[in-house]
Amino acid sequence: MNQERFAGAAVATPLTPDLGIDHACLVTHITQLLERGIDLLTLFGTTGEGASFSRTERNEAIRRCREAGISTDQLGSGVFALSSVHAGDDARAAFDNGCGHVLLAPPCYFKSLDDEGLYRWFSEAIESAGANPGQFVLYHIPGMTQVELSVELVSRLAAQFPGVVTGVKDSSGNWSHTERLIRERDTLKVFVGHEGQLERGMRIGASGAIAGSANILPEVIKAIVHDDNEEPNLPLLIDELLKYPIIPAVKALIASRLDAPAWLRVRPPLTQLASTQIKSLGERLDALFPN
């Protein structure tokens, strides 16, 4: 990640009928995203159902993507673990199989965590990844993890691991927090995780997005990030998505836009949306962004 702005995709994971990873479909999907203007791919984040896949499954998918010619600079993976050692092992495996970055979420079993405990956990995870790791992007998504990453914690980790902790993705939806991260970022890359706030973020110096909606609207994300375009319908679509469980909702939009019902499949404990919800979401997408 050597450039200044990134139109990134939080890549959804296509599944086979037995709920394994459909590697051929995944490679086709990410190749098309790159052709349509996306320049950073993060597999197995929240949108990619990353917490539902084993390390072996993730490694195989990463390897298939690298074999298809996706460059290390473009490819990353989410890491979700409770143990700092397991987090470090997962990060190292992602790097060894061809990722240039990982999106590292905090541990999410214990609650009411303070900055000192989180600093130690993240430090242990990064150190467990071994010498000369790839780049770590810290993942602030308290709606899922129930763990807050303060601006002070993020800055402390970036200072402790220069050139290793290189970014933070803020999916909190808390604009004041996102704004402060951007304004106090120094050399840190700040990715706006709530696409409804992406235009505001870019205007004050955000680095871009790692966006779930990029699976459906890559040109729109590219236009905001790289061309400073205004896309007033994107916040409206995000508001609509947030009325539903977000992961099956994103997959429903992919299925609708591609006319590919296989994209509706999700892994337990998730379930796909009801047919009426799928139809409503697809109609809303077509109204806001005609195909």
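Which residues does Q197 touch, not counting residues up to four places away in sequence? In this predicted model, Q197 touches G173, N174, W175, T178 and V192. The report returns to this residue after a description of the whole chain.

## The chain as a whole

The protein chain contains 12 helices and eight strands. Its overall dimensions can be described in two ways. Taken along the principal axes, a box of roughly 45 × 40 × 35 Å holds the C-alpha atoms. The radius of gyration is 18 Å, which agrees with a compact globule, because a globule of 291 residues would have a value near 19 Å.

Of the 291 residues, 56% are buried. The contacts can be sorted by separation along the sequence. Among contacts with a separation of 6 or more, 69% join residues that are 24 or more positions apart.

The exposed surface of the protein chain amounts to about 12200 Å², and carbon and sulfur atoms supply 49% of that area. As for charge, there are 26 positive and 36 negative side chains. The centres of these two sets lie 2 Å apart.

## The nonpolar cores

The largest nonpolar core comprises 85 residues. Within this core, the residues with the most contacts are L41, L43 and F136. Another core, of 10 residues, lies apart from the largest one and includes A10, L103, V137 and I210.

L43 shows how one member of the largest core is surrounded. Leaving aside neighbours within four places in sequence, L43 is in contact with V11, L26, I30, I62, C65, L75, G76, S77 and G78.

## Buried and exposed positions

The table gives the relative accessible area of six residues. A residue counts as buried under 20% and as exposed over 50%.

| Residue | Relative accessible area | Class |
|---|---|---|
| H101 | 1% | buried |
| L138 | 1% | buried |
| S213 | 2% | buried |
| Q197 | 8% | buried |
| D228 | 52% | exposed |
| A287 | 55% | exposed |

Two of the buried residues can be placed in strands. H101 belongs to strand 4, which covers residues 101-104. Along the chain, H101 and G163 are 62 residues apart, and their C-alpha atoms are separated by 12 Å. L138 is part of strand 5, residues 135-140. The contacts of L138, leaving aside neighbours within four places in sequence, are L103, L104, F122, L149, V154, L157, V165, G167, V168 and K169. One of these partners, L149, is 11 residues from L138 in sequence, with 8.6 Å between the two C-alpha atoms. Another partner, L103, is also a member of the core of 10 residues.

The other two buried residues of the table lie in loops. Q197, the subject of the opening question, is located between strand 7 (189-192) and helix 8 (198-203). At 8% relative accessibility, Q197 is under the 20% limit and therefore counts as buried. S213 is found in the loop between strand 8 (208-211) and helix 9 (218-227). Apart from neighbours within four places in sequence, S213 is in contact with E195, I221, L234 and I238.

The exposed residue A287 lies in helix 12, which covers residues 275-288. A287 and N233 are 54 residues apart in sequence, while the distance between their C-alpha atoms is 9.7 Å.

## Points of unusual backbone geometry

Most residues other than glycine have a negative phi, and most peptide bonds are trans. Three places in this chain depart from that pattern.

Q146 is not a glycine, and its phi is positive, near 60 degrees. This residue lies in the loop between helix 5 (142-145) and helix 6 (151-160). D228, also not a glycine, has a positive phi of about 55 degrees. The loop that holds D228 runs between helix 9 and helix 10 (233-241). With a relative accessible area of 52%, D228 is over the 50% limit and so counts as exposed.

Where is P269 located? P269 is in the loop between helix 11 (246-258) and helix 12. The peptide bond from P268 to P269 is cis, and its omega is near 15 degrees.

Note on methods. Residues numbered from 1 in each chain as written. Predicted model: local features only at pLDDT ≥ 70, side-chain atom pairs only at ≥ 80, totals over all residues. Heavy atoms only, no water. Helix = DSSP H or I, 4+ residues; strand = E, 2+ residues; numbered from the N terminus. Rg over C-alpha atoms; globule rule 2.2 N^0.38 Å. Buried < 20%, exposed > 50% of the residue type's maximum accessible area, 1.4 Å probe, protein only. Contact = heavy atoms within 4.5 Å. Areas by Shrake-Rupley, 256 points an atom, 1.4 Å probe, with all protein chains shown as cover. Lys, Arg positive; Asp, Glu negative; His and termini not counted. Charge placed at Lys NZ, Arg CZ, Asp CG, Glu CD. Core = buried A, V, L, I, M, F, W, Y, C linked by side-chain atoms within 4.5 Å.
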